[in-house]
Protein chains: 2
Amino acid sequence: MGTTGRLDCILESLEQANTLDGLQTASLSLRDHLRVEHIAYHWVDSAGDQYGCGTYSLAWQERYISQNYQRIDPVVIGCFQRFHPVDWKQLDWSSKAARAFQLEAIEHGIGNQGFSMPVRGPNGQFALFTANDSCDDNTWATFTERHRHELVLIAHYLNEKALEIEPGRTPEIAPALSPREVDAMTLLAIGYSRAQVAEQLSISEHTLRVYIESARFKLGALNTTHAVARALSRGLIVV
Amino acid sequence: MGTTGRLDCILESLEQANTLDGLQTASLSLRDHLRVEHIAYHWVDSAGDQYGCGTYSLAWQERYISQNYQRIDPVVIGCFQRFHPVDWKQLDWSSKAARAFQLEAIEHGIGNQGFSMPVRGPNGQFALFTANDSCDDNTWATFTERHRHELVLIAHYLNEKALEIEPGRTPEIAPALSPREVDAMTLLAIGYSRAQVAEQLSISEHTLRVYIESARFKLGALNTTHAVARALSRGLIVV
DNA sequence: TTTCCACTCCCCAAAAATAGCGAGGCGTCA
DNA sequence: TGACGCCTCGCTATTTTTGGGGAGTGGAAA
């Protein structure tokens, strides 16, 4: 199996990449380095928008996207609820849809063993990095144990690169809110009504409204809910 | 500086830890390994609830929590908007509050150089791992460059451990929203009024209301704004 | 010094959201 | 088959939020 030294080289070449093609090339190196059949980086957007690179067949990728399989894919669902990398065997394949999905995947050349690592970025960004192969359970267990650190690192750097390449998906620069506006947005975000927020801040409800309005204006929001959503997704408030 | 071998040992002992004290002990080893003045793991929780471990003085930790400094701490705010680790020098210290905060931190023994790594878990969980020291810019740049991989790994494993130790702290397991509920929450989050959402989804406003209510119920939210905020911060919708 | 911004307070009328009921059809899973 | 969840539609009434005005303080920056 590859050495840490070689991984460093690959990560370095990954740093040079600045297009999706670059990521694709890096994927191939990574696969060779890890000596597995497939690796895949898969950016999952809840709007169903997707994006990724890896060594899965194009036919499978297209099929996956066109069928919106991320909705039923146990790998996606399972990783979404976890922080640590997971072996596919630990996932829930019990539903009918999941088993049908798995069969179809295998028909498209996906191996029976998989190990996937969830990665999360700002604004709820979510992606997976997967290593995939066909082998028996023991071989796979040895592989995952030995490469755990590497897989974590690879997932991190791939996602870092993906975020860099797709800046359209990252947030606009945030227009700072005043302290009172932050207070107001924060309390609204945790469910307080206007009256409660005003009481909490010891100001009149009329005053509070001015803050909400000015925050709404600064955030270019159409209403309070929108303003809170923008403040949240731009990291101006933390709930 | 330490070798990768030693880091592996520390990470292994980290794996054994199963209490906050264990994390605290691991922090000390990590500090020695990295040869910095301070390291800190800081779980930034909703509602200002906090949690962490590290080598900062108790006085500072208490002060930080009692003053809710995570609201103005440029490290928290900056990391919250980013994926990659950041040097404190790259952050925005321009506001008055931020500068006052920095001065106070230094008085409490925090070094002038810092390097922080954001980590995110399921349900919008968010934490920081920081290495901190007092030295000149060049020394620090060399340090951060050499230890980048290590810091990423440490942050990952510390957070994995923290999630394991404090499972109660993770917000309730995300009660998946139905597709229509997701639609409703998403459109509300981008500023549509109820009438507009209903029109967009081609359903009656009455029906829409059922979705909003059931989403609110599932999310344990007190009102629509709260529900949207929760859906956002748990990564159930993306705006 | 003047200008700007953050903070505070007030009124009123219209629009929107909420709470409480009700109903039926469709699909999946045990 | 029956339970359950999802999607769809209806009513009434109350509470809350919003949008449009205006007005004064104090501090910081230009």
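The following exchange concerns a predicted model of protein chains with DNA strands.

Biologist: How are residues, chains and ligands numbered or lettered, and which pLDDT limits apply?

Modeller: Residues are numbered from 1 along each chain as its sequence is written, while chains are lettered from A and ligands numbered from 1 in the order in which they are written. Side-chain values use heavy atoms, with hydrogens and water left out, and in this predicted model totals for chains, interfaces and linings use all residues, whereas side-chain atom pairs count only at pLDDT 80 or more and local features need pLDDT of at least 70.

Biologist: Which residues come nearest to DNA strand C?

Modeller: A residue is near a strand if one of its heavy atoms lies within 4 Å of it. Of the atoms of DNA strand C within 4 Å of the protein, 65% belong to sugar or phosphate and the rest to bases. Among the 18 residues around this strand, those that come nearest are Y211(A), R194(B), R209(B), R216(B) and T224(B).

Biologist: Which backbone or side-chain atoms lie by a phosphate oxygen of DNA strand C, and at what distance is that of S204(A)?

Modeller: The pairs concerned are polar contacts (N or O atoms within 3.5 Å; within protein, one must be able to donate a hydrogen and the other to accept it, and residues adjacent in sequence count only if both atoms are side-chain atoms). A polar side-chain atom of T207(A) lies 2.9 Å from a phosphate oxygen of the strand, and a backbone N or O atom of R194(B) lies 3.3 Å from one. For a backbone N or O atom of S204(A), the distance to a phosphate oxygen of DNA strand C is 2.7 Å.

Biologist: Which element gives the largest share of the surface near DNA strand C?

Modeller: Helices (H or I, at least four residues) and strands (E, at least two) are DSSP runs, numbered from the N terminus. By class, this surface has four nonpolar, seven polar and seven charged residues, where Ala, Val, Leu, Ile, Met, Phe, Trp, Tyr, Cys and Pro count as nonpolar, Asp, Glu, Lys and Arg as charged, and the others, Gly among them, as polar. The largest share, six residues, comes from helix 9 of chain A.

Biologist: Which element gives the most to the surface near DNA strand D?

Modeller: Of the 20 residues around DNA strand D, the nearest are R194(A), R209(A), R216(A), T224(A) and Y211(B). A phosphate oxygen of this strand is 2.9 Å from an N or O atom in the side chain of R180(B), and another contact places a backbone N or O atom of S204(B) 2.6 Å from a phosphate oxygen. The surface has five nonpolar, six polar and nine charged residues, and the element that gives the most, with six residues, is helix 9 of chain B.

Biologist: Which residue of chain A meets R148(B) in a salt bridge?

Modeller: A salt bridge is a side-chain nitrogen of Lys or Arg within 4 Å of a carboxyl oxygen of Asp or Glu, and a search of the whole structure finds 17 of them over all chains. The pair in question, at 2.7 Å from N to O, crosses between chains, from helix 6 (residues 137-165) of chain B to helix 6 (residues 137-165) of chain A. The partner is buried, with a relative accessible area of 15% (buried means under 20%, exposed over 50%, partly exposed in between, with a 1.4 Å probe and protein chains only). The residue that R148(B) meets is E160(A).

Biologist: How many residues apart are R194(A) and E205(A), which form a salt bridge?

Modeller: The closest N and O atoms of R194(A) and E205(A) are 3.7 Å apart. R194(A) counts as partly exposed at 37% relative accessibility, and E205(A) also counts as partly exposed, at 33%. The pair links distant parts of the chain, from helix 8 (residues 194-201) to helix 9 of chain A, and its separation is 11 residues.

Biologist: Within what arc do the buried residues of helix 2 of chain B fall?

Modeller: The buried residues of this helix are G22(B), L23(B), A26(B), S27(B), L30(B), H33(B) and L34(B). Taking the directions from the helix axis to the C-beta atoms, they line one face of the helix, because they fall within an arc of 145°.

Biologist: What is the phi of S202(A)?

Modeller: S202(A) lies in the loop between helix 8 and helix 9 of chain A, and at 66% relative accessibility it counts as exposed. Although S202(A) is not a glycine, its phi is positive, at about 55°.
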